[in-house]
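Please open the structure in your viewer and get ready to select residues by number. We will stop at a handful of places and look at what is there.

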Amino acid sequence: MKLRSCLATALLALLSTPAAAATPDAAKTLDYIHRAWPTLTRRMDDCSAFGKGPGDRQLAVYLPQRLPMPADLPRMAKACHVEVRRLPRVIRQIGDVDAAKLPVQGLLYLPHPYVVPGGFFNEMYGWDSYFIELGLIADHREALARDMVDNALFEAAHYGGVLNANRSYYLSRSQPPFLGAMMRALLDDPAGFHDDAARRAWLAQAYPLAVRNHDVWMRPGHRAGDTGLARYFDYGHGPVLEARDATYYQGVIRWLLAHRAQDPGYLVKAPQHPDDAEAARLETASCNVAASQVCADAWVDGYRLTADYYLGDRAMRESGFDVNFHFGPYAGLTHHYAPVGLNSLLYRYERDLHDFAVELGRTADAARWARIAAARKAAMDKYLWQPAQGMYMDYDFVAGKPSDDPYLTAFYPLWAGAASTAQAQALRGKLALFERRGGLAMSTRATGAQWDAPYGWAPTNWLAIAGLDAYGFHDDAHRLAGKFMATVDRSYASDGTIREKYNMARGDADVRITAGYTQNVVGFGWTNGVYLKLHQLLGGGSGKPVSQPAATR
């Protein structure tokens, strides 16, 4: 009996040892990540920044209307065969410039180097950048991390807010709001600034831009009815400009025709070749067939998509969850919802702005942000917290009812610090809905879309894990961290790559999407960043020496 007890104790100790600190697979994954940052870094004097993939070059780089011409930009443009253009007006807020009216689409200028996700995601993305920044800080690349934050602040100053990404066709929408968290991560890093004076000077310049970016989410278009909460919303109309053809929208129509009982009302009967009168009607009922070839071609068997569907499709892309079926088929109802995730992020943003104002001695500002955050939390408790289920659920403010489809964003309030102790305890009891061999799946329902079960993603796993850890559920956080890291390790051991998304049921990168985007992109910025943070959480540090040659910083 004594021997059995000793063996059991030894086994328990082995199982509780941080997986990241010891396995050879983790060492190989870490080495890949350490070497990947330069490969994923872009700058305006690098011709590879301008295209979407090998052999692709966009023809223009756009400067803000009144920005002085950067000294080296004309030389770079000539070398890269790219035309330097100016945006047609000063942008005060997102949507001020209709990108559809630009003579050509192109890259939006950023002053500092930045890390891209990978593959055809060859620009600086809004919410990806937060998780990439966390990885850069963990990897002792503070200068590049600060460049990322300063670029986001530049977007707030010159493009109306942090954009979906720095391409002209994204001038109508943002992405999940992480700017406050990006600033906080940089400010909390002991190596982020030379001294306290430099830190305070930077914050004094950054704070008003962070406020300006928060204003994006307070505009009427982003209000979720009279709930006091926010929604995702894009200020454009019709098919998105980044769609190079109508294939995606035709696929949506075909799916709806094959599943008529599940159509929320996205379909409208219309001719393939409308006359002038019918085209004028479709401009309001669907989209402008005369102005957009993608709109004109988005027709199947006598049907087109409604204008409201296109608004939802655009909102889905701002949410970052493209594509899911949680917010209706193909997420076409995204703009009908006050989402748990978005409002949790805004609550955290508002608390961060409060803290920044306190640090800067802006007493009145601090009091205002405290009131705004408290009001948002009260609205979240009223509309999003569902006591009977013990979960936060997204709220359809158009229909006046909560979603009945559990989603992993239910754990965002833990990361944001918006949940009470009792709410956090109840949420912990719901982990089994999402936990699988490889980590946390997005939902409980397999739909064929990449942001639903059985698929899982680095950012949502990190936010849930960090939230659980913050509320004292350390065993759960460590278990889930080990699972997700093991998934990345297995995938890397299989083919030598790190991917955009993973199959949580299998614990590998076998992802077979049937609704929306089918590719599992290699890179991958936010997976790299989250892996390093999980490694730290399990006691492994960054996996590399703090001191490194200056050339690699």
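The tour below goes from pockets to disulfides, then to cores and cavities.

Before you click anything, keep in mind that this is a predicted model.

**Stop 1: the largest pocket**

Select Phe-120, Tyr-170, Glu-242, Arg-317 and Tyr-517. The largest pocket has a volume of about 920 Å³, and these five are the closest to its centre among the 34 residues that line it. Now colour helix H9, residues 247–258. Helix H9 supplies the largest share of the lining, three residues. If you colour the lining of the largest pocket by class, you should find 16 nonpolar, eight polar and 10 charged residues.

**Stop 2: the second largest pocket**

Next, select Asp-98, Ala-100, His-237, Leu-241 and Arg-314. They lie nearest the centre of the second largest pocket, which is lined by 38 residues. Helix H11 (293–297) and helix H12 (307–319) are the elements that give two or more residues to this lining. The space in the second largest pocket comes to about 780 Å³. Its lining has 19 nonpolar, 10 polar and nine charged residues.

**Stop 3: the disulfides**

How many disulfides does the structure hold? There are two. Show Cys-47 and Cys-80 as sticks: they form a disulfide with sulfur atoms 2.0 Å apart. Turning about the S-S bond gives -85°, and the link of Cys-47 and Cys-80 is left-handed. Cys-47 sits in the loop between strand S1 (41–42) and strand S2 (60–63), while Cys-80 belongs to helix H4 (residues 73–80), so the bond ties together parts that are 33 residues apart in sequence. Are the two ends buried or exposed? Cys-47 is partly exposed, with a relative accessible area of 25%, whereas Cys-80 has 5% relative accessibility and counts as buried.

Then move to Cys-287 and Cys-295, which form a disulfide with their sulfur atoms 2.0 Å apart. Here the torsion about the S-S bond is about 95°, so this disulfide is right-handed. Both Cys-287 and Cys-295 are buried. Counting bonded cysteines along the chain, the pattern is 1-2, 3-4.

**Stop 4: the nonpolar cores**

Select Met-183, Trp-202 and Phe-411. They have the most contacts inside the largest nonpolar core, which has 156 residues. Helix H13 (residues 340–359) gives the most to this core, with nine residues. Now zoom in on Met-183. Leaving aside neighbours within four places in sequence, Met-183 is in contact with Val-149, Leu-153, Trp-202, Leu-203, Ala-206, Tyr-207, Ala-210 and Phe-356. There is also a second, separate core of 34 residues; select Val-252, Cys-295, Ala-296 and Tyr-309 to see some of its members. You have already met Cys-295 as a partner of Cys-287 in a disulfide.

**Stop 5: the cavities**

Rolling a probe the size of a water molecule over the atoms shows where empty space is left. A search of the whole structure finds four cavities of 30 Å³ or more. For the largest cavity, select residues including Gly-126, Val-162, Ser-174, Asn-213 and Trp-217, which are part of its lining. The largest cavity holds about 50 Å³ of space, and its lining divides into seven nonpolar, four polar and no charged residues.

Finish at the second largest cavity, with a volume of about 40 Å³. Among the residues lining it are Tyr-232, Phe-321, Asp-394 and Thr-409. This lining divides into six nonpolar, three polar and one charged.

Conventions:
Residues are numbered from 1 along each chain as its sequence is written. This is a predicted model: local features need pLDDT of at least 70, side-chain atom pairs count only at pLDDT 80 or more; totals for chains, interfaces and linings use all residues. Side-chain values use heavy atoms; hydrogens and water are left out. On a 1 Å grid over the protein atoms alone, a cavity is a set of points where a 1.4 Å probe fits but cannot get out, and a pocket is an open set with protein on both sides within 12 Å along at least five of seven lines; lining residues have an atom within 4 Å of a point. Grid points are joined across faces, edges and corners, and a volume is the space filled by probe spheres set on the points. Helices (H or I, at least four residues) and strands (E, at least two) are DSSP runs, numbered from the N terminus. Ala, Val, Leu, Ile, Met, Phe, Trp, Tyr, Cys and Pro count as nonpolar, Asp, Glu, Lys and Arg as charged, and the others, Gly among them, as polar. A disulfide is a pair of cysteine sulfur atoms within 2.5 Å. Buried means under 20% relative accessible area, exposed over 50%, partly exposed in between (1.4 Å probe, protein chains only). A nonpolar core is a set of buried Ala, Val, Leu, Ile, Met, Phe, Trp, Tyr and Cys residues joined through side-chain atoms within 4.5 Å. Contact means heavy atoms within 4.5 Å.
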